[in-house]
Each structure stands twice: as structure tokens, then as C-alpha cells.
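Work through the exercises below with the coordinates open. Each task is followed by a solution in steps.

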Amino acid sequence: MSAVDTHAVETKVKDMYERVAQDPHGEFHFEMGRALAERLGYSPYDLDRVPAPSMDSFAGVGHHFDLAALQSGERVLDLGSGSGLDSFVASLKVGATGTVVGIDMTVAQLDKANELRQQGGFLNVEYVHGYIDQLPFEDESFDAVISNGVINLVADKDNTFKQAARVLKRGGRLALSDIVTGVQLPQGIVCDATLWAACIGGAMHRDSYQQAIVDAGLTIEVVQPNPQYRFISDQANGATTKYEVQSISLVAVKP
Ligand SMILES: C[S@@+](CC[C@H](N)C(=O)[O-])C[C@H]1O[C@@H](n2cnc3c(N)ncnc32)[C@H](O)[C@@H]1O
């Protein structure tokens, strides 16, 4: 979809999310932390049971655990697991007989999540270093794939959805929250690697985004907007108003 320099985007995204892991109280275009998580819909009951530093670095854009409806014993994959909040919440939902695998390309995020996993005794969670458009997992090996605020950062969204569909079992769910637009972004924004890293430049038009999920072989069941999510810098807010940049959550099923 873009003429952006994908190498520059990857470098900027890794730099940005290394800072998110190591300095979550620094200055960012987007909000992070427990107050954000609660506003998006995470239950205080769950948040009281996950490591607080994973909430400090939480950079998600919505809440989709109600859509994912994770069951005890299920195997869950978290695409772009960051500092681990969603994988820890998923761990609570699937219980000791379930497993959660988080995959992320940013080493500082993985290191933080792994340390918190060990300290918190989340024995059913593991983290893998890798890219979500080239998943290193067997076909049909997960009951659910979740992802929060990540796929907008990936240049090859079509392949990311195909990979998610490939690793899902039949009847499995893809439940995610992400940033999309209502107006096609102009090249000036699409080519700005810094705006990609801030979750804006890579945002796809919502219709194309949903079509890419359908083209991957999944059936979309629910799409809902997350008006509680907002960017915080003036630059980001200018783009969000003009191009209808918005957060959505959705669930799609593999027939
Ligand atoms: C906005 S953060 C969200 C992290 C986490 N889901 C959360 O809610 O806090 C995006 C994460 O996606 C990761 N990421 C971005 N592109 C990726 C890719 N192509 N493959 C793997 N991870 C990626 C980044 O390293 C970062 O940790």
C-alpha cells in the first residue's frame, strides 16, 4: 500500500518501542498505562493480577477480550506482545491448562515481558522473538490469535492476516484492536516513518483493512469503534481529525 522505506520504519518502530519498554513515562504521541487500560475496558480485577510494569508500558488501542472469549485450556498467540499486558491477561483467562505465546520483534520489549513473566510466575506464557508477517509456528496450532495496536505498524498487512489465518485452528478466532482510517492517507504521511512508529502513518483505510482479513480466509463477525482511544500530541491529533484515524476492535473466525 505504501512507498514508505520499510527498513526505516522497522528501525523507528524498534527505537520507539524500546523506549516504551525502558522509559514508559517519557514523551510519546500516545497514552500508556493503567488509566488507559481501564478506560479501554480492561477489568480492574484482571489488572490487579498482572505485573504493574507491563501496564506502565501498555501501548494498546482497545480491549478485545470480550470478543476473543478465551476459554480455559486454550492456546493463544499474541501478535506484537510488547511488554506483556495482553499475554498476562490471556494467561489468566486460559488458566494453567492453557498456553499463551507472545511474539515481538523488539528485544527490549521481549526482555521486559520475560522478566515480568518469571517474577510473576506466569508459567503458561512464553515469548518468541520474530516478525508477525513470518510466523514461526505450525499450521492450525492456535485456538485464538490476539493483537493490540500492532498491525498498523506492519508494511505487509495482507501477509500478516494470512499468517494469522494459517496458524489458527478451524473455528479459531482472530480478535484484535488496531488503528485504521476513514480517509486514505496521503503519501506525505504514509512515507513518514516517524508517523508510522506513532501508529498513524501505517494505518490502512478501514474498508481495505477488513477486506484484507476476508481475503486471508477469515469471516468477520463483529467490528466496533473504540472512541475512548485518542492520541495525545498535537501532530497526531491533527492527522486523526483530518483523516478519521480511529481505533477499532474486531473478531473474525476461521471457518
Ligand atoms: C503499539 S505496541 C503494542 C504492544 C502491545 N500489544 C501492547 O498492547 O502494549 C506495538 C508492538 O508491536 C511490535 N511490532 C511492530 N511490528 C512488528 C512486527 N512486524 N513483528 C513483530 N512485532 C512487531 C513492536 O515491537 C511493539 O512492541
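The exercises go from the whole chain to helix packing, burial and backbone angles.

**Exercise 1. Overall form**

Task: Determine how the radius of gyration of the protein chain compares with the globule rule.

Solution: The model is predicted. Begin with the secondary structure of the protein chain, which comes to 12 helices and eight strands. The radius of gyration is 17 Å, and the globule rule gives 18 Å for 255 residues; the two are close, so the chain is as compact as a globular protein of that length. Along its principal axes, the C-alpha trace spans about 50 × 40 × 30 Å. Next, take burial: 49% of the 255 residues are buried. Last, consider contacts between residues at least 6 apart in sequence, of which 77% join residues at least 24 apart.

**Exercise 2. Helix 1 and helix 7**

Task: Classify the packing of helix 1 against helix 7 and sort the residues of the contact by type.

Solution: Helix 1 covers residues 6-22 and helix 7 covers residues 107-120; their axes are 7 Å apart, at an angle of about 25 degrees. Angles under 35 degrees count as roughly parallel, and helix 1 and helix 7 are therefore roughly parallel to each other. Helix 1 contributes Tyr-17, Glu-18, Ala-21 and Gln-22 to the contact, and helix 7 contributes Ala-108, Gln-109 and Lys-112. Sorted by type, the residues of this contact are three nonpolar, two polar and two charged.

**Exercise 3. Helix 8 and helix 11**

Task: Classify the angle between helix 8 and helix 11, give the handedness of the crossing, and list what covers helix 8.

Solution: The axes of helix 8 (residues 157-167) and helix 11 (residues 206-215) come within 8 Å and cross at roughly 40 degrees. The two helices are therefore oblique to each other. The crossing is right-handed. On the helix 8 side, Lys-157, Asp-158 and Phe-161 take part, meeting Ala-212, Ile-213 and Asp-215 of helix 11. By type, the contact has three nonpolar, no polar and three charged residues.

Now look at burial within helix 8. The buried residues there are Lys-157, Thr-160, Phe-161, Gln-163, Ala-164, Ala-165 and Val-167. Their cover includes strand 1, strand 4, strand 5 (168-181), strand 6 (204-205) and helix 11.

**Exercise 4. Helix 6**

Task: Decide why helix 6 is described as largely enclosed.

Solution: Helix 6 runs over residues 85-94. Its buried residues are Leu-85, Asp-86, Ser-87, Phe-88, Val-89, Ala-90, Ser-91 and Val-94. That makes eight of its 10 residues, so helix 6 is largely enclosed by the rest of the structure. After helix 6 comes Gly-95, with a positive phi near 70 degrees.

**Exercise 5. Positive phi outside glycine**

Task: For Ala-69 and Glu-140, find the phi value, the place in the chain and the exposure.

Solution: As background, most residues other than glycine have a negative phi. Ala-69 is not a glycine, yet its phi is positive, about 45 degrees. Ala-69 sits in the loop between helix 5 (65-68) and strand 1 (75-79). It has 13 C-beta neighbours inside 10 Å and so counts as partly exposed.

Glu-140 also has a positive phi, near 50 degrees. Its place is the loop between strand 3 (125-129) and strand 4 (142-148). Glu-140 has 14 C-beta neighbours inside 10 Å, so Glu-140 too counts as partly exposed.

Notes. Residues numbered from 1 in each chain as written. Predicted model: local features only at pLDDT ≥ 70, side-chain atom pairs only at ≥ 80, totals over all residues. Helix = DSSP H or I, 4+ residues; strand = E, 2+ residues; numbered from the N terminus. Rg over C-alpha atoms; globule rule 2.2 N^0.38 Å. Buried ≥ 20, exposed ≤ 12 C-beta atoms within 10 Å, placed from the backbone. Contact = placed C-beta atoms within 7 Å. Axes fitted to C-alpha atoms, helices over the stretch in contact; angles between N-to-C directions. Parallel < 35°, antiparallel > 145°, perpendicular 65-115°, else oblique. Left-handed = near helix turned anticlockwise from the far one by under 90°. Nonpolar A, V, L, I, M, F, W, Y, C, P; charged D, E, K, R; others polar.
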